[in-house]
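Me: I've got a model open and want to know how its labels are earned. Can you take me through the reasoning?

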Amino acid sequence: MFCMEASKVKKLVMILGVIVIVAVSTGIYFFNRNNTVVTETARGEIAVNETNSAVWGKLYPAHWDSYQANLSNSAKPSHFETKPYLQVMYEGTGFAKEYNEPRGHLYTIEDVTSINPARQKAGASCFTCKSTQVPQMMDKYRAQYYLMSFDEMKGQITEPIGCLDCHDPKTMALTITRPALKEALQRQGRDLNKITNQEMRSLVCAQCHVTYYFAPETKKVTFPWDKGFTARQILAYFDEEKFTEWVHPTAGSNLVKARHAEYETFMGSTHQTAGVACADCHMPYTMVGNKKISSHVWQSPLNNIEQSCTTCHRNGTEWLKTRVETIQTQVKQSQDLAGEAVVQAINELKIARETPNVDQAKLAEAMNLHREAQWYLDYVAVTNGYGFHNPTATLNDLNTAIDKAYKAVEKSREARGAKTSFN
Ligand code: HEC
Ligand code: HEC
Ligand code: HEC
Ligand code: HEC
């Protein structure tokens with residue numbers, strides 16, 4: 001059998017050859033199918049100021065379809081349904097009038113223009129995180145932008161969040177378009193030219209998903225990050241600046257308002273310190289035909305755990321979903337306890353203020369404790385994700401809120417000479 005005819009050997013070699021070629025090419029096909037690294041570069045010319053995302057969509061149809069799918073994320077229940085204490089805490093601000101959970105990026109114009117007018121008093125600044133046209137309005141009006149009224153800006157802005165908010169139209173590279181973020185990073189000593197792409201995958205979100213305040217006088221949108229990103233460091237910054245956003249009409253305390261601090265909360269978390277970015281969970285790769293693109297549907301990652309989490313975690317979707325729910329349930333329980341405590345502090349302050357000959361120094365101390373308690377609770381309550389982004393820091397902030405609130409209760413009672421749990 002070792003002396004096969006030459007023609008048979010030739011035939012065998014040919015058959016083997018065909019088998020090898022088919023096997024290798026099938027292998028390459030399937031390997032590529034699952035590993036098409038997205039290196040989509042600019043496909044054509046987009047004008048530097050192109051705010052109409054549909055124009056970008058003509059060159060990137062798969063991304064356009066993905067972006068349009070944000071329209072199906074349309075529910076916006078009121079925060080007060082699940083957190084009634086917020087309405088008591090926000091007395092004296094527009095937030096007490098109407099405050100809804102966020103929804104898809106394409107609804108921003110509809111939502112900002114239809115909200116209770118008390119919320120629009122902050123003026124043109126309300127649009128800062130709602131429209132891709134804003135950087136151009138800032139260029140046009142300069143410092144005046146922040147001082148203009150809501151109605152003056154309203155007629156000029158029609159586009160929601162769009163491609164130009166995160167992409168350089170020439171190269172498609174990620175880019176920061178909001179000055180407040182650039183300035184805050186520079187004040188922290190960061191060199192903006194030395195930011196990695198992985199960091200940009202979070203920083204594009206940090207243009208808007210952050211807490212901020214309007215600087216007194218100029219009304220400029222400013223990120224209070226000079227001392228760091230934690231709730232404690234941000235409050236220390238406000239205290240040093242002697243900044244007060246409003247005075248609570250019932251409690252009399254000088255308060256500061258937290259806003260959706262997703263980025264700040266995420267900083268220092270297990271995921272962030274492991275090098276994970278917002279886009280890893282919120283913009284995972286998805287297959288469109290046989291092409292991979294970054295999903296442009298900004299939504300709850302629980303809607304697509306297979307893409308958002310199991311690329312890194314092998315524990316299975318049920319385990320992951322349960323972990324998220326457990327964290328969020330525990331956070332919600334502590335948050336409700338903090339809400340109860342802060343409302344009690346407000347009620348006690350009211351009584352103390354109405355008491356003749358109340359000890360003014362002690363009353364001032366109680367009001368400051370209320371300021372602290374409300375800040376820590378607000379920082380958690382308005383931050384999306386119910387603590388998932390950083391469970392330990394979140395629970396720690398809520399502990400602080402509960403502690404400060406009950407100290408405010410005690411101090412208020414002491415100020416009016418009433419019985420406290422210590423005497
Ligand atoms: C909120 C920010 C944001 C907006 C708005 C946005 N993108 Fe992206 N886009 C990203 C991020 C983040 C990536 C991932 C880039 C990376 O990892 O380098 C990305 C990637 C891309 C890519 C590269 C290929 C890929 O899928 O990873 C293209 C092309 C793209 N986006 C097109 C668009 C178009 C077109 C629009 C508007 C319809 C748009 N993007 C809107 C953040 C955004
Ligand atoms: C230009 C400002 C801006 C940028 C940039 C931005 N967002 Fe948003 N985002 C918003 C606003 C405003 C809303 C709420 C829209 C509404 O309710 O009308 C929102 C809503 C969302 C939602 C929906 C929340 C819900 O409850 O359904 C998610 C998720 C989200 N953003 C994630 C991201 C991620 C991740 C990035 C970065 C890749 C990002 N966003 C970049 C402003 C922005
Ligand atoms: C490790 C994955 C992961 C990372 C990284 C991450 N998130 Fe989330 N995010 C989640 C999960 C899980 C939820 C909770 C979703 C839910 O409750 O349905 C969430 C909720 C949200 C929501 C509210 C969405 C909703 O439907 O309620 C927003 C907005 C958001 N994240 C923004 C961000 C931003 C901005 C960053 C980066 C600074 C970020 N996330 C980083 C996993 C992540
Ligand atoms: C890019 C990789 C990556 C992605 C995507 C990712 N994780 Fe993680 N996750 C990690 C790493 C790394 C750790 C640190 C512990 C470890 O090494 O397992 C971690 C830790 C965790 C922990 C335990 C730590 C804690 O903070 O409680 C949970 C729970 C978790 N991830 C859930 C999720 C969920 C849910 C998603 C999707 C929404 C997700 N992760 C997406 C990489 C990732």
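Reply: Sure. One definition to start: Ala, Val, Leu, Ile, Met, Phe, Trp, Tyr, Cys and Pro count as nonpolar, Asp, Glu, Lys and Arg as charged, and the others, Gly among them, as polar. On that basis the shell around ligand 2 divides into twelve nonpolar, eight polar and six charged residues. Bear in mind that this is a predicted model.

Me: Which residues are the closest to ligand 2?

Reply: Of the 26 residues that surround ligand 2, the closest are P102, D111, C205, C208 and H282. Two elements, α6 (108-114) and α14 (278-282), each give two or more residues to that shell. The most comes from α14, with three residues.

Me: What makes α17 roughly antiparallel to α18?

Reply: The angle does. The axes of α17 (residues 360-381) and α18 (residues 391-415) cross at roughly 160 degrees and come within 8 Å. Angles over 145 degrees count as roughly antiparallel, so α17 is roughly antiparallel to α18. The crossing of α17 past α18 is left-handed. As for who takes part, the contact of α17 with α18 has 13 nonpolar, four polar and eight charged residues.

Me: How do you know that the length of α17 agrees with what its 22 residues should span?

Reply: Take 1.5 Å times one less than the number of residues. For the 22 residues of α17 that gives 32 Å, and the end C-alpha atoms are 31 Å apart, so the two agree.

Me: And why is α17 called largely enclosed by the rest of the structure?

Reply: A residue is buried if 20 or more other C-beta atoms lie within 10 Å of its own. In α17, 16 of the 22 residues are buried, so the helix counts as largely enclosed.

Me: On to the backbone. What is unusual about the phi of K219?

Reply: Most residues other than glycine have a negative phi. K219 is not a glycine, yet its phi is positive, near 60 degrees. You'll find K219 in the loop between β1 (213-214) and β2 (221-222).

Me: Why is K219 called partly exposed?

Reply: Partly exposed sits between the cut-offs of 12 or fewer for exposed and 20 or more for buried. K219 has 18 other C-beta atoms within 10 Å, so it is partly exposed.

Me: What about K242: buried or exposed?

Reply: Exposed, because K242 has 8 C-beta neighbours inside 10 Å and the cut-off is 12 or fewer. K242 also has a positive phi, about 50 degrees, although it is not a glycine. Its place is the loop between α11 (231-240) and β3 (246-247).

Key
Residues are numbered from 1 along each chain as its sequence is written. Chains are lettered from A and ligands numbered from 1 in the order in which they are written. This is a predicted model: local features need pLDDT of at least 70, side-chain atom pairs count only at pLDDT 80 or more; totals for chains, interfaces and linings use all residues. A residue is near a molecule or strand if its C-beta atom, placed from the backbone, lies within 6 Å of it. Helices (H or I, at least four residues) and strands (E, at least two) are DSSP runs, numbered from the N terminus. Axes are lines fitted to C-alpha atoms, for helices over the stretch in contact, and angles run from 0 to 180 degrees between N-to-C directions. Angles under 35 degrees count as roughly parallel, over 145 as roughly antiparallel, 65 to 115 as roughly perpendicular and the rest as oblique. A crossing is left-handed if the near helix is turned anticlockwise from the far one by less than a right angle, and right-handed if clockwise.
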